[in-house]
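Me: I would like a close look at one part of this protein, the charged side chains that pair with one another. Please set that part in its surroundings as you go.

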Amino acid sequence: MTFKYSICHPEKENIEYRNNPISGNEVIEIAENYPWIEKLKFSDSLNPENIHYSPSLDFNCIQNGKSFCLTANYDKNENLEFSLWYNRPKKVKILFGLLGEKEKMVVDDIWGFSLEKSLKYLEHFVNGNHSLIEELFKK
């Protein structure tokens, strides 16, 4: 599978889109080498009204349209932690199920992950192990 990705910079209002196709290995390498802590420290140095985003990388699978995003923050002890955002087709009930179900793109998020654990779930995404990611979001 091939991917494209986008970067949310704290100081920039516009998201940076990188549309050149990349491999799954490149996805992992980009996330591993991204300067998460430096970006958070930079964000801390900005005036709050000049902060547009938390540092984030969003990877989109070109073949199936699913995406997986890592967003960095600090936990209550000022340690690096991540929220994970998963966008994929999901069956949703229409009018409380009275009109049946419809498939639409849905984004779910979950919070409180270390970089190592976040990278492990990103690896599952890249390898197409979507059922493992779904289980994470059911908890």
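Reply: What follows starts with the whole chain, turns to the salt bridges, and ends with the helices and the core.

This is a predicted model, in which local features need pLDDT of at least 70 and side-chain atom pairs count only at pLDDT 80 or more, while totals for chains, interfaces and linings use all residues. Residues are numbered from 1 along each chain as its sequence is written, and side-chain values use heavy atoms, with hydrogens and water left out.

The chain holds four helices and six strands, where helices (H or I, at least four residues) and strands (E, at least two) are DSSP runs numbered from the N terminus. From the N terminus on, these elements run β-β-α-α-β-β-β-β-α-α. Of the 139 residues, 37% count as buried; buried means under 20% relative accessible area, exposed over 50%, and partly exposed in between, with a 1.4 Å probe and protein chains only.

A search of the whole structure finds three salt bridges, each defined as a side-chain nitrogen of Lys or Arg within 4 Å of a carboxyl oxygen of Asp or Glu. As a general point, side chains of opposite charge can pair when their charged atoms come close.

Arg-88 forms a salt bridge with Asp-108, and the closest N and O atoms are 2.9 Å apart. Because Arg-88 lies in strand β5 (residues 80-93) and Asp-108 in strand β6 (residues 101-113), this pair ties together parts that are 20 residues apart in sequence. Glu-134 also forms a salt bridge with Arg-88, with the closest N and O atoms 2.7 Å apart. Here Glu-134 lies in helix α4 (residues 130-138) and Arg-88 in strand β5, so the pair ties together parts that are 46 residues apart in sequence. Arg-88, Asp-108 and Glu-134 are thus linked in a network of salt bridges. Within this network, Arg-88 is buried, with a relative accessible area of 1%, whereas Glu-134 counts as partly exposed at 21% relative accessibility.

The remaining pair joins the side chains of Glu-16 and Arg-18 (2.6 Å, N to O). Glu-16 is partly exposed, with a relative accessible area of 23%, and Arg-18 counts as partly exposed at 36% relative accessibility. Glu-16 is also one of the residues in contact with Ser-6, leaving aside the neighbours of Ser-6 within four places in sequence, where contact means heavy atoms within 4.5 Å. Ser-6 itself sits in strand β1 (residues 2-8) and counts as buried at 8% relative accessibility.

Turning to the nonpolar surroundings, the largest nonpolar core has 29 residues, of which Leu-57, Phe-59, Phe-68, Leu-84, Leu-122 and Phe-125 touch the most other members. Such a core is a set of buried Ala, Val, Leu, Ile, Met, Phe, Trp, Tyr and Cys residues joined through side-chain atoms within 4.5 Å. Helix α3 (residues 115-126) supplies the largest share of this core, five residues. The buried residues of α3 include Leu-122 and Phe-125. Not counting residues up to four places away in sequence, Phe-125 touches nine residues that include Phe-59, Phe-68, Tyr-86 and Ile-133.

Helix α1 (residues 24-33) has Gly-24, Val-27, Ile-28 and Ala-31 as its buried residues. What covers these buried residues includes β1, β2 (16-23), α2 (36-45), β3 (56-61) and α3, while the face of α1 turned away from its buried side carries the exposed residues Asn-25 and Asn-33.
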